[in-house]
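This report describes the fold, charge pairing and local backbone features of one protein. The sequence and structure are shown first.

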Amino acid sequence: MIEAELPVVVAMAILVGVLGSAVGSFLNVVAHRVPRGLSVVNPPSACPDCGTAIRSRHNLPVVGWLVLRGRCYDCGSAISVRYPLVEAGVAVLFVLAALRFGDEPRQLPAYLAFAGIAGALALIDLDVRRLPNSIVLPAYPVLGVLLALPGDASALLRAALGAALLFAIYLVIALVAVGAMGWGDVKLAGVIGGMTAYLSWGTLLSGAFLGFLLGAVAGLLLIAARRAGRRSAVPFGPFMLLGAWAALLGAGHLGDSYLALLAR
Ligand SMILES: [Zn+2]
């Protein structure tokens, strides 16, 4: 947590929260268009039913949906509650990240970028069971450059090793248990390994463990509820990302304590 005056913290949280809701609004567009191979900038958002372009005053994150009471201004067809939920969700994640990295603000851009990438990938994996290369592959250089900005060479080296390690672990799982993991999961594992190991090895350990645990529990629950017959029917990416963020936002200390215990 940061050591600053309360009004400064509140002002920063509001600012980052507003930024997060705008990013969430963009992620709604990304999640809809990227799997269809469409441009994320053109054309501007329009009602899928009547085709009328969304007015800018109704395009405000969360607020626009509330003002419209979830209906298109022109034709009255329902606008999914998922849109404001994603906007609010990304806003909350941004605020949590800002509070977590507040005393190392040079690390914040990398983790805010990772929050946006995580949100886009989780939505698309839930929708179409895919982690598009067009998002996962650029994440490596983009996040790598952002992690290099603070100028901490040993943390950056640990991030590179962590990326290679978690990538290798998922690669082995994908090769041994065919069908349990997709190649998208393997490529995402490298990103998660880098972002968690940058902070500490314990953060990587916690993030990887929580990702497996959450994914396994969700898979078992879905199979029990007969919503999923095969393992491949459960998207694993959202749980990997959830585990990573739980570790980044605090659970990483558990892994650090465990590794310190082993090293004694
Ligand atoms: Zn409409």
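The sections below proceed from the overall fold to individual residues.

## Overall fold

The model is predicted. The protein contains 9 helices and 0 strands, so that the elements, read from the N terminus, run α-α-α-α-α-α-α-α-α. The C-alpha trace spans about 65 × 55 × 30 Å along its principal axes. The radius of gyration is 19 Å, which agrees with the value near 18 Å that a compact globule of 264 residues would have.

Of the 264 residues, 42% are buried. Among contacts with a separation of 6 or more, 70% are between residues 24 or more positions apart. The exposed area of the protein is about 13900 Å², and 69% of this area is supplied by carbon and sulfur atoms.

## Charges and salt bridges

The protein carries 18 positive and 12 negative side chains. The centres of these two sets lie 12 Å apart. The structure holds 2 salt bridges.

One salt bridge joins the side chains of Asp-74 and Arg-55, with an N to O distance of 2.9 Å. This pair links distant parts of the chain, 19 residues apart: Asp-74 is in the loop between helix H2 (63-68) and helix H3 (82-100), whereas Arg-55 is in the loop between helix H1 (6-33) and H2. Asp-74 is partly exposed, at a relative accessible area of 39%. Arg-55 is also partly exposed, with a relative accessible area of 29%.

In the other salt bridge, the side chains of Asp-127 and Arg-82 meet at 2.8 Å, N to O. Asp-127 belongs to helix H4 (residues 108-128) and Arg-82 to helix H3, so the pair ties together parts that are 45 residues apart in sequence. Asp-127 counts as partly exposed at 40% relative accessibility, and Arg-82 is partly exposed with a relative accessible area of 28%.

## A buried arginine without a salt bridge

Arg-158 is placed in helix H6 (residues 153-176). This residue is buried yet has no salt bridge. The nearest side chain of opposite charge is that of Asp-152, which is 5.8 Å away; a salt bridge requires the nitrogen and the carboxyl oxygen to be within 4 Å.

What does Arg-158 contact, leaving aside its neighbours within four places in sequence? Its partners are Ala-197, Tyr-198, Leu-199, Ser-200 and Trp-201.

## Surroundings of Leu-165 and Thr-203

Leu-165 is likewise found in helix H6. At 39% relative accessibility, Leu-165 counts as partly exposed. Apart from neighbours within four places in sequence, Leu-165 is in contact with Trp-201 and Leu-204. The C-alpha atoms of Leu-165 and Gly-194 are separated by 9.0 Å, although these residues are 29 residues apart along the chain.

Is Thr-203, a residue of helix H8 (residues 201-224), buried or exposed? With 4% relative accessibility, Thr-203 counts as buried, since the cut-off for a buried residue is under 20%. Not counting residues up to four places away in sequence, Thr-203 touches Thr-196, Ala-247, Leu-248, Gly-252 and Asp-256.

## Backbone features

Most residues other than glycine have a negative phi, and most peptide bonds are trans. Several positions in this model are exceptions to one or other of these patterns.

Asn-42 and Pro-43 are joined by a cis peptide bond, with omega of about -10°. Pro-43 lies in the loop between H1 and H2. Val-62 is in the loop between H1 and H2 and has a phi near 60°, a positive value in a residue other than glycine. Val-62 is partly exposed, with a relative accessible area of 24%.

Arg-129 is not a glycine, yet its phi is positive, at about 55°. The residue lies in the loop between H4 and helix H5 (133-148). Arg-129 is partly exposed, with a relative accessible area of 44%.

Note on methods. Residues are numbered from 1 along each chain as its sequence is written. This is a predicted model: local features need pLDDT of at least 70, side-chain atom pairs count only at pLDDT 80 or more; totals for chains, interfaces and linings use all residues. Side-chain values use heavy atoms; hydrogens and water are left out. Helices (H or I, at least four residues) and strands (E, at least two) are DSSP runs, numbered from the N terminus. The radius of gyration is taken over C-alpha atoms; the globule rule is 2.2 Å times the number of residues to the power 0.38. Buried means under 20% relative accessible area, exposed over 50%, partly exposed in between (1.4 Å probe, protein chains only). Contact means heavy atoms within 4.5 Å. Accessible areas come from the Shrake-Rupley method with a 1.4 Å probe; for residues, only the protein chains shown count as cover. Lys and Arg count as positive and Asp and Glu as negative; His and the chain ends are not counted. The place of a charge is taken as NZ of Lys, CZ of Arg, CG of Asp or CD of Glu.
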